[in-house]
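Q: I am new to this structure and would love a close look at one part of it. Could you walk me through it slowly, one contact at a time?

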Amino acid sequence: MLELNNVSKNYFEGNTKHSVLNNFELRIAKGEIVILLGKSGSGKSTLLNIISGIDIPDSGSILIDGTDITKLSEKDRTLIRRKKIGFIFQFFNLIPTLTVKENLQLPLELNNEDNQEERIKSILTEVGLSNRADTYPDKLSGGEQQRIAIARALIHSPDIILADEPTGNLDYETGLQIVDLLDRVVKQKGKTMIMVTHSKDVTGLADRIISLKDGKLIEIKMNITVE
Amino acid sequence: MNNLTKSSLRYLIKHPWQFGLSILGIAMGVAIVVSIDIANYSSATAFNLSMNAVAGKATHQITGTSEGIPDSFYNFLKVEKGIRNIAPVIESYISIQDSEKTKTSTTSAKKVFKLLGVDIFAERPFRDYLSQTGVSIDGDLKNFLTKPHSVILSKESIDKLNKVIGDSLTIIINGKEKIIYISGIINEDGQNKSALENLFITDISSAQELTEKKDKIDYIDIIIDNDSKEQLIKSLLPEGFQLQKSGSRSEAAEQMLEAFNINLTSLSLLALIVGLFLIYNTMTFSVVQRKVLIGTFRSIGVTSNEISGLILREALIMGIIGTIVGFAAAYFISKVLLIFISQTINDLYYVVSVREIYISPAIIIKGVALGVFATILSAIKPAKEASEINPRIAMIRSDQESSVLKKVPRMTIAGILFILAGAALLLFPSKNIWLSYFGILPVIIGFALFTPLIIILVEKTFSPVYKKLFGITGKMASKSIIQNISRTYIAIAALSLAVAATVGVGTMISGFRSTVINWLETRLNADIFISAPNLISRRNDAVLPEELLLKIKSIDEVADINFYRELELMQEGKKYHIIASGLNKRSYAGFQFKEGNPDEAWKKFENGELFLSEPFAYRYDLNVGSILQLKTDNGMRDFKIAGIYYDYASDQGLVTMNYDFFRKHWNSEGLSGISVFAKDKNSLNLIKDKIETIKSDIIGQQLVVRTYKYLLDSSIEVFDRTFLIAKVLQILSVIVAFIGILSSLMSLQLERSRELGILRANGLLPSQLFKIVILQTFLMGFTASIIALPLGNILAAILVFIINKRSFGWTMQFEIIPSIMIEAIIFSIVAAILAGIYPGYKMSKTSPANALRGE
């Protein structure tokens, strides 16, 4: 489903070149949950940006269902992202001027999808917030916002979920609830997800745990304690 | 409505003050531009309506020499040649002193009307209001035809004068007092109602008596419906007579006002440009405020074009609302401006009485185009910036101020290029006024692009000073301007533009004023000035009898006199203003020559060659040695130019010639003015008394007798009145810029609430927060003034050396005036501080708990 072939990405600070991804290779099958570990600045967010088409690598190819997105224009990459990717952010990033229902409706509108009301209702039930449809995000707790954010990422049935530290801005208890939700709505439904995290409680979801070091992928065995 | 649009609209509603202020800025800009247009158009329309009311259905007019047309010629055409549809006309202006008695006082004001003398039996084809079609005339028509000096006038005029049929009126006509009798009322309900309001109609022979034109008429109206009739008429015209189309006088009047209107319109556009900065300011802010949000949109698949479309739609909404509000305000502002503008037109150009507002479709289209489309134009860059926001922003929280700082070198270079482009446009040899204004725009943009560099330099200079004087709060105040440079630089640029406009216009007016005063002091070298009462302050349209000259010369206390005669020539659709001067040699020094050696020039002048004023020579590309053709009473004649002199009496320009040579070519009797040189300066009052005695010997003659000082002061008063509008427009531009600063600071307050909450949580007092804001705004105002001063003086130089030159042809003084610059600095700082008071108060009230709470 997702292939990264010889992907390299560099950043320059002044005249100094930093190699974030160095001939990086990655294959992710449909339905796989992959956790991405790494130190700060190791390139985890860069990897997510490249996979989602937000950024393009300096070299290499990225295939999503056979389409090399590095060859596409920025507009086409956006359209692919609209259809095939669901994003979950650390800071939730709900649209503050839209209600919960409208936040969920937005991806469906962008994709011109039908049965919007039904799908919104269904996913709100799944995330346990069907009574908050008409609430604005600033009236929700952190945990509730992240649940809505997860619902938004899933509602248009994307092929890949990208999650950037989804529990990073939550307390421990709430974080556990989110992990539990991700288990139910992502893992158990066989969706593909790549998640960046520092939380060891999330590793339980993973089919694979990988790490980035010196721009290269390192496979880590399952059930290793994360420091 | 889709959710992207909903999100956008709710954002606008959630920030009512921010967008409300922007809408106010657009509304004010549109209001000023449209109200100036309405006032100009209303004045022109009122004049054209009055011209049309007089011209009626006439297609052409026959005009004669400077003396007019002998009525025998009219009889020749009508009776001998049997030409149909012709009518004789005499036209003049009259003034009536109108005294209003109230319970507490009696006030008096001069009211001006037009007197039309017609042959009622020839009128039917020409003027509806005399042919009883849709019109009624109350009163006794027999009296109108038989009683001398009878007039009929509109119902509005009679009501205004508080008179009834049968009453008499004392009028001043051509400088003489006469009595007229009201014998009828015109009741007209058509388009002519407003034009007829100021029209008095009398029989042609009464008009001849009232104007003392003896056997003359002013012109003959004629309806020509085929070429052969036109050729026949032309073949019958004696030397010096002309057949011209009816509209030529209106066209000539429009031409006179062209430069005046353009300059007024351009000043009004300045207010709109400042308003557009405001829009750019607001849209840029709103994009910066919503960076994370826009990044989120982009992350979930909203394309760049959809983002830029969102921003442009917001601008469109603001533009539409602002334009509607602007039009509403324009209606009221135009009523006030109309008073100033029609006063200036009456002072300087022609008599017009403007009662109504007229709005043309072109004014509406222009207002909408400026308000709506210009708003969208100013939102293009922010929309582009929004579309370029990297979706990565959604995942990181760091501020992006560094991006503006990185662009400073590029912006500075771009600023230099813009200024050079503007200079190229301005220095391009052309007389086109609009090209000059298009050249100013890149100069303004160029200076605006320097703003971030100036901010950095000011901060580097002031940061240590502020820290030394005010401690850590001082340092924070100065640093915060850089830290929030993406917001602050636009607000500072807008304020600097408004202040620069104040400096520029103020410096230009001051230089012009000094030039005019110097010129007046040199030119007005007599002690007493005598003329008939005139309706236009800078033109004498009434004449004095020549017998007055000898009588005044014979006064013992009089050392010498000058005299002159003014004449307006209509020639090829243009109005030429001739001054025939009888000057004593001591007055020669009053002429300062731009071209031509004075000694040689005066010798040639005494031999019949002409002097041209600078504006005239500029307008018609004439130099010393050129030939100017003039329509004399004996036909077209060539005149050589002996000299070109500086003169500020008329922006239309003057043609000056020796009086004796004037009388060889024109048969106009009478004098327009006499100036008296006293033997002893202490005898001025005695001379004035003797002049009064002489005046009373000439029946009905009115004289205006003014001393040098009085004439100087009243001339300056007219000058000051003319530029009152410019000053009003300047003030309005500054108000718009003030709104810009206020808007920026309010936005900053919102943006920084978390940061301020942290500061408060760390122990900063509300008073210290307020102090930071005030110190910050002081520095913003000072920075704006640093940009405004050079820009303002450059604008002044452009106005003096290019725009006024191209508009009017005048050479004016230019000097940098320290007092204006000091005022500008103070004003800029005070405006910024005032704009910071409310946001400072709000910031100081920021609750640490609320600010620090998570999203």
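Which residues in α3(A) meet which residues in α4(A)?

A: Happy to take you there. Please keep in mind that this is a predicted model.

Let us start with your pair of helices. Helix α4 covers residues 116-126 of chain A, and α3 covers residues 100-110 of the same chain. From α3(A), the residues taking part are A:V100, A:K101, A:L104, A:Q105, A:L108 and A:E109. From α4(A), their partners are A:Q116, A:E117, A:R119, A:I120, A:I123 and A:L124. Sorted by class, this contact has 6 nonpolar, 2 polar and 4 charged residues.

How are the two helices arranged? Two packed helices are described by the angle between their axes and the distance between the axes. For α3(A) and α4(A), the angle is about 125° and the axes lie 10 Å apart. An angle over 145° would count as roughly antiparallel, and 65 to 115° as roughly perpendicular; α3(A) and α4(A) are therefore oblique to each other. Their crossing is right-handed.

Now stay on α3(A) and look towards another neighbour, helix α5, residues 142-154 of chain A. The axes of α3(A) and α5(A) come within 8 Å and cross at roughly 25°. Because of that angle, α3(A) is roughly parallel to α5(A). This crossing is right-handed too. On the α3(A) side, the contact is made by A:V100, A:N103, A:L104 and A:P107, while α5(A) brings A:I148, A:A151 and A:R152. By class, that gives 5 nonpolar, 1 polar and 1 charged residues. If you compare the two lists, A:V100 and A:L104 appear in the contact with α4(A) and also in the contact with α5(A).

From here we can step outwards to where chain A meets chain B. The contact takes 28 residues from chain B and 28 residues from chain A. The area buried between the chains is about 2,500 Å², with carbon and sulfur atoms giving 56% of that area.

Charged pairs are part of this interface as well. Side chains of opposite charge can pair when their charged atoms come close. Across the interface of chain B and chain A there are 4 salt bridges, and a search of the whole structure finds 42 over all chains. One pair to find on your screen is A:E74 with B:R298, whose closest N and O atoms are 2.2 Å apart. This pair crosses between chains: A:E74 sits in helix α2 (residues 74-84) of chain A, and B:R298 sits in helix α10 (residues 291-299) of chain B.

Finally, chain B offers a helix pair to set beside the ones we began with. Helix α14 (residues 433-470) and helix α25 (residues 766-808) of chain B pack at about 150°, with their axes 8 Å apart. The two are therefore roughly antiparallel to each other, and their crossing is right-handed. By class, the contact of α14(B) with α25(B) has 25 nonpolar, 4 polar and 2 charged residues.

Definitions and conventions. Residues are numbered from 1 along each chain as its sequence is written. Chains are lettered from A and ligands numbered from 1 in the order in which they are written. This is a predicted model: local features need pLDDT of at least 70, side-chain atom pairs count only at pLDDT 80 or more; totals for chains, interfaces and linings use all residues. Side-chain values use heavy atoms; hydrogens and water are left out. Axes are lines fitted to C-alpha atoms, for helices over the stretch in contact, and angles run from 0 to 180 degrees between N-to-C directions. Helices (H or I, at least four residues) and strands (E, at least two) are DSSP runs, numbered from the N terminus. Angles under 35 degrees count as roughly parallel, over 145 as roughly antiparallel, 65 to 115 as roughly perpendicular and the rest as oblique. A crossing is left-handed if the near helix is turned anticlockwise from the far one by less than a right angle, and right-handed if clockwise. Contact means heavy atoms within 4.5 Å. Ala, Val, Leu, Ile, Met, Phe, Trp, Tyr, Cys and Pro count as nonpolar, Asp, Glu, Lys and Arg as charged, and the others, Gly among them, as polar. Buried area is the accessible area (1.4 Å probe) that two parts lose on being put together, summed over both. A salt bridge is a side-chain nitrogen of Lys or Arg within 4 Å of a carboxyl oxygen of Asp or Glu.
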